[in-house]
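Let's take a walk through this structure together. Please have the sequence and the 3D view open as you read.

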Amino acid sequence: MAELSATTAPPKTLQEWRDEAYKTIKGVVNSGGHHLLPLLMALGKTYAGGNLPADPEVDHPVTVLTKQIDTREQVRDHALDAGLDPSRIKVLPRFTEDCPTARGDYDNQDVPGVDMEWSELMTVLQNQLVPPSLIHERMGDTMPCQQDGQCSYAAACDFNIEAIDLLIGHPVHANIENYVEERAVLFDENAGGAFEYTVEAPAYTKAINVLLEHHLDIDATSKDDLVRATDAQRERWRDAIFDLGGLVNPEIGYSNQGGRADAPLLALGILCGTPVENGQVTDTNLRRTEVGKTVVLHDEGTKRDDPAIIIRNPPDALASAWSVVAMDGTPTRSIWEGRLGFDLQHHDDFMTAAERKAYIRDILGYNIVQLTPNRTVVATKAKNVSRWVFNAILHEIREKHNRMVPVITSQQAKESIIHSEYVSNKELYFGKVRSRNNLSHETLLAVLGSIHPSDRAIQRLAALDGHAVKSNGKRGIDKSYGDIGDRYYRHLVHHETAQAIFRVAREDDVWGADIYVYSSLIPDWIPREVVDENPRAWSDEIEDTMAVIEENGSATKGLIVNQTGNGERTVDRHLSKLKDLGYIDDVQGFGGYKEWVDDGLADRNPYGIVDLEP
């Protein structure tokens, strides 16, 4: 990695940081090997993907893989701006748009032996990690799009890779050796679930039963027989599964109702799984099987969680690449390594912790305020959220900034908790924020709450890497899964909050943003100020006090005590608080009595008190 010398001052401007990032990316591309670069937003990951193929100092062709369609277009535009010949650029086709069968053109025709439409079958097979090229190859002219010649999708994939300096596609294309061999492969942001997926119990039970009934000649007729197998049977049946000629077979996926292409892998997961262990922790309900680099995790379920099988299938073809560079703003090294199937050199010294904070605060111009000193605010489900709190926060932000508020929270909260009069966007919510540019031009954002996908989701993610972890049973900010488990906890929870924060002020002509976060589950390296108190709802008693003043225009303390029935000390506290908030003022009334005058009660936050200033 290109490093700053000890005597060189760190970059001070955005362009200097971008230049340093480009030099670092180019350095690891040229050096070969496998790398993980923690590059924050606006550092030029997409720019590098388009410019490296045109750089005379780069010796290998480049493949850029990203889930986002608009990012692929931006990479291509950067390459054209850098002077790369358009004929040397290839954007790979999209299966569901460029294949007539997957697109639904033949949904009016029957699928032999399967009660589903052709487009649905294509989606099912792709979700089982069967590459579209293999679907076309193995299914042949059974697919309607191949009965009168070559499918248009297959034709778009038929090109001379030697003539392509820049290949742009989806992370699943890392499974195609021709697309990565002896090339520099760049992953722009987290590959996410491109290499892993979950199969629920009804689906895998049916698929395994179909496999046993129609495709395997062994003394087992159901999934339960695999569970009860003796050691001798286990070894014999495992060999029979391997003898099928492929653990992912699209012909099984469409030949019988309920069959799946990955049924052999699912059967191995049931048959051969062993409990995950980690020091003092053993989870006998999470059974893990390794088949080469592929991991099959059988979760037998708990009282609260249904059984499932999770398959992680790293792309074997990546081993043929000259270099692999994973670029991610919030990376977790072990998860990247598990999904890609090999160790990565983590260049975590690209920015020190202090430089990260200065970059976010001074160069990006982010003014981040944490609106709670200690609440985690799990907003995954609307029932966990107090309606008044979220709306109180949004009311306060709207009044301060005099505009509607871009909001990121859970989908449930956005749809059923938040009043639409406050919100300026509907498209982003937790679980759907990474690499999204919907709010890139905004300079204001409220991130309300955080997600927590459940203890089991964290345990499953850790178990894929071979670790058994468990919660300490505590709630809120004291919750922990141990040193190893917290790595996965932070990835699923804290990093999602960070990704939400980074959705705004992403355009070059936009600088700075005011960002309010109602959760304490924020990565430590993100600079912010923290308010001293949590939002407080108006009590019935103080509502009564305000009502007396509003109705009369002004009121003495005695009148308030008399009409509300509240004690003098209680009323004193109300009056002091309301004056501090600027809603009332005190004047000398007739007879020398102090009177409390309405000075803006109609403009108060109708839900409660929210501090936006630390």
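A good place to begin is strand 8, residues 281-291, which pairs with strand 9 in the antiparallel sense over 6 bridges. Keep in mind as you look that this is a predicted model. The two strands form a hairpin with 2 residues between them, and G292 in the turn has a positive phi of about 65°. Within this pairing, E290 stands opposite V295 in strand 9.

On which side does the sheet continue? Strand 9 is also joined to strand 10, residues 308-312, by 5 bridges, and these two strands run antiparallel as well. Here D299 of strand 9 stands opposite A308 of strand 10.

Now look at how strand 9 itself is covered. The strand comprises residues 294-299, and 6 of its 6 residues are buried. In a regular strand the side chains alternate between the two faces of the sheet. For strand 9, T294, V296 and H298 lie on one side and V295, L297 and D299 on the other, and both faces are covered.

Let's move on to the nonpolar interior. The largest nonpolar core has 55 residues, and L186, Y366, I501 and F502 touch the most other members. Helix 1, residues 14-31, supplies the largest share of this core, with 6 residues. A second, separate core of 30 residues includes Y197, V199, L247 and I311. In soluble globular proteins, nonpolar side chains tend to be buried together.

Y366 deserves a closer look. Leaving aside neighbours within four places in sequence, Y366 is in contact with M41, I360, R361, I501, F502, V504, A505, A513 and I515.

What about the cysteines? The structure holds 0 disulfides. For C151, the closest cysteine sulfur is that of C145, but the two are 3.6 Å apart, which is too far for a bond; a disulfide needs the sulfur atoms within 2.5 Å. C151 is buried, with a relative accessible area of 1%, and C272 is buried too, at 19%. The value for C272 counts as buried because the cut-off is under 20%.

Finally, step back to the whole chain. There are 23 helices and 22 strands in the chain, and the C-alpha trace spans about 100 × 60 × 55 Å along its principal axes. Of the 614 residues, 52% are buried. Among contacts with a separation of 6 or more, 69% are between residues 24 or more positions apart. The accessible surface comes to about 27,100 Å², and carbon and sulfur atoms account for 43% of that surface.

Key: Residues are numbered from 1 along each chain as its sequence is written. This is a predicted model: local features need pLDDT of at least 70, side-chain atom pairs count only at pLDDT 80 or more; totals for chains, interfaces and linings use all residues. Side-chain values use heavy atoms; hydrogens and water are left out. Buried means under 20% relative accessible area, exposed over 50%, partly exposed in between (1.4 Å probe, protein chains only). Helices (H or I, at least four residues) and strands (E, at least two) are DSSP runs, numbered from the N terminus. Two strands pair if DSSP finds at least two bridges between them. A nonpolar core is a set of buried Ala, Val, Leu, Ile, Met, Phe, Trp, Tyr and Cys residues joined through side-chain atoms within 4.5 Å. Contact means heavy atoms within 4.5 Å. Accessible areas come from the Shrake-Rupley method with a 1.4 Å probe; for residues, only the protein chains shown count as cover.
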